[in-house]
Structures are given as C-alpha cells and as structure tokens.
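Please look through the sequence and the structure below before reading on. The paragraphs that follow lead from a pair of helices to a single helix and one of its residues.

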Amino acid sequence: MRAALAMGWRALDTAEMYGEGGAEEVLGLALAEAWREGLAREDVFVVSKVYPHHASPRGMLEACERSLRRLQLDQMDLYLLHWRGRVPLAETVEGFETLQRRGWIRRWGVSNFDIGDLLELDAVPGGQACAANQVYYSLGSRGIEFDLLPLQQRRGLPLMAYSPIDQGELSAHPALRAVADRHGATPAQVALAWTLSRPGVMPIPMSAREEHLRENLAAAALRLSTEDHATLDAVFPPQRRKTALKMR
C-alpha cells in the first residue's frame, strides 16, 4: 500500500469484509505513514463498504466507527453498502444520512446493485443521493451494458468497476495480446484502457505486486483506436439481452 501511494495511486477501495477488518487496518497503517511523509489527506479518496447485516441505522453507526478506527481516519470519502441484504433500504439510507450529519462520511453509495435495485432505491426518501454503484464489469463481462450502465450514464451516477481484468483472466487473452502489441503495452493494460474508455466508469484493479501496480497505473495513458475497439468488440461482443448481475 505504501508503494501504491508513493507511485501515485490516490483512490483506495476496501471493506470491513476484507480480512474481517484486516485490510482496513493495513490501509490505515499505510495512510498514517503517508501523512507523516507529507501526503495531503485531501489528495486521497478512501472508500470502504459495510456488510448488509450491519446496514441498519444503529448497526451502520457501529460498523462505520470500527472502520474509521481501523483506517485511522476521521472521515471516509465514500461508504458503500456491500450488497443488498434483509435490512430495508429506507433504514440503510437513514443510517447513511446519520453518518453524513456526524461528518463520518462525505458521500454514500451502493455495490452490486442491478437496475431494479437502483430504481427501488430511487423511490426511498433520500435514495437519490446515492453517489456511486460498484459492480463487476470487464471486457469479458459486459452484461451491465444492456440496461444498468446506460441508466447510470444518463443519471450521471459513477460506476466503479471491480475485477476489470476478469480476476487476471484477460491478462493472457490472445485478442488483447494482438491489440497490446500495437501499442507496446500488456493485455492487462488494454483491458484497463478499454474500461477507462467507457463514459462514467472507473475501474478499480486489485494487485499485490509492485510491478502490476505500476503497469495498471500506466494504463491510464493508453488510448485505444477505433480499430482496437473493433477488434475487441468482435471477440467480446456487446450484450444484446438482459443477464444476471455478475458478482465475485
């Protein structure tokens, strides 16, 4: 995490579920060191997620307090409901609003919400304040392009794309290799550049190796041509019908 911050990564995504708080603790240690070395808090965007069974007003207050303590932060930039559970959405929105009033979070959003979930959230008082939806989206998993992504693009609701390299599967795909060779890049960089080319989409690749962190960061400078997009669409065609939302 310190290497990622040092090389320029500024959006950091975690969750109370990851390592049952362990990932937040690691990130908190890295951030504390970065502050001491001069990195400004306002230059880093920290995202965490709450378990569905903690998403009641009281449960969320307790969960967020634990997450902030592990992260060694006074405030999160974005706090997401990890996926839908049994707690009514109205209660979850109430919990988010309480956290905002306390100054513990700047914005709130959701994760793994399909179009029906978002429309239901819209009908809840305060639900339209949702600031982002984080879902599985990659060149090899384009199901959300049928209805969910267009809806979010029309509304200006950012989509955070997790597993943009299909958990590493696209890093060895021959079609991506052909495009990568034209740019002196890697298949993984092509996969990320393709996701970045979608309006309103921010990929959040996961990596545990410094070389991959640098490779992924460099993908932001890669611009795919019309020919590149045609090549990729031929192998990974856009979705023509509704499919179930993919989850990891």
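**Two helices and a buried side**

In α7, the residues Leu176, Arg177, Val179 and Ala180 meet Pro187, Val190 and Ala191 of α8, where contact means heavy atoms within 4.5 Å. The residues of this contact divide into six nonpolar, no polar and one charged, with Ala, Val, Leu, Ile, Met, Phe, Trp, Tyr, Cys and Pro counted as nonpolar, Asp, Glu, Lys and Arg as charged, and the others, Gly among them, as polar. This is a predicted model, in which local features need pLDDT of at least 70 and side-chain atom pairs count only at pLDDT 80 or more, while totals for chains, interfaces and linings use all residues. Residues are numbered from 1 along each chain as its sequence is written, and side-chain values use heavy atoms, with hydrogens and water left out.

The axes of α7 (residues 174-183) and α8 (residues 187-196) come within 8 Å and cross at roughly 90°. The two helices are therefore roughly perpendicular to each other, a term for angles of 65 to 115 degrees.

Turning to α4, its buried residues (under 20% relative accessible area, 1.4 Å probe, protein chains only) are Leu89, Thr92, Val93, Gly95, Phe96 and Leu99. Because they cover an arc of only 155° around the axis, they lie on the same side of α4, the arc being that of the directions from the helix axis to the C-beta atoms. Among the elements that cover these buried residues are α3 (57-71) and β3 (76-81).

Why does Thr92 count as buried? Thr92 counts as buried because its relative accessibility is 4%, and, leaving aside its neighbours within four places in sequence, Thr92 is in contact with Ala55, Met60, Leu81 and Val87.

Methods: Buried means under 20% relative accessible area, exposed over 50%, partly exposed in between (1.4 Å probe, protein chains only). Axes are lines fitted to C-alpha atoms, for helices over the stretch in contact, and angles run from 0 to 180 degrees between N-to-C directions. Helices (H or I, at least four residues) and strands (E, at least two) are DSSP runs, numbered from the N terminus. Angles under 35 degrees count as roughly parallel, over 145 as roughly antiparallel, 65 to 115 as roughly perpendicular and the rest as oblique.
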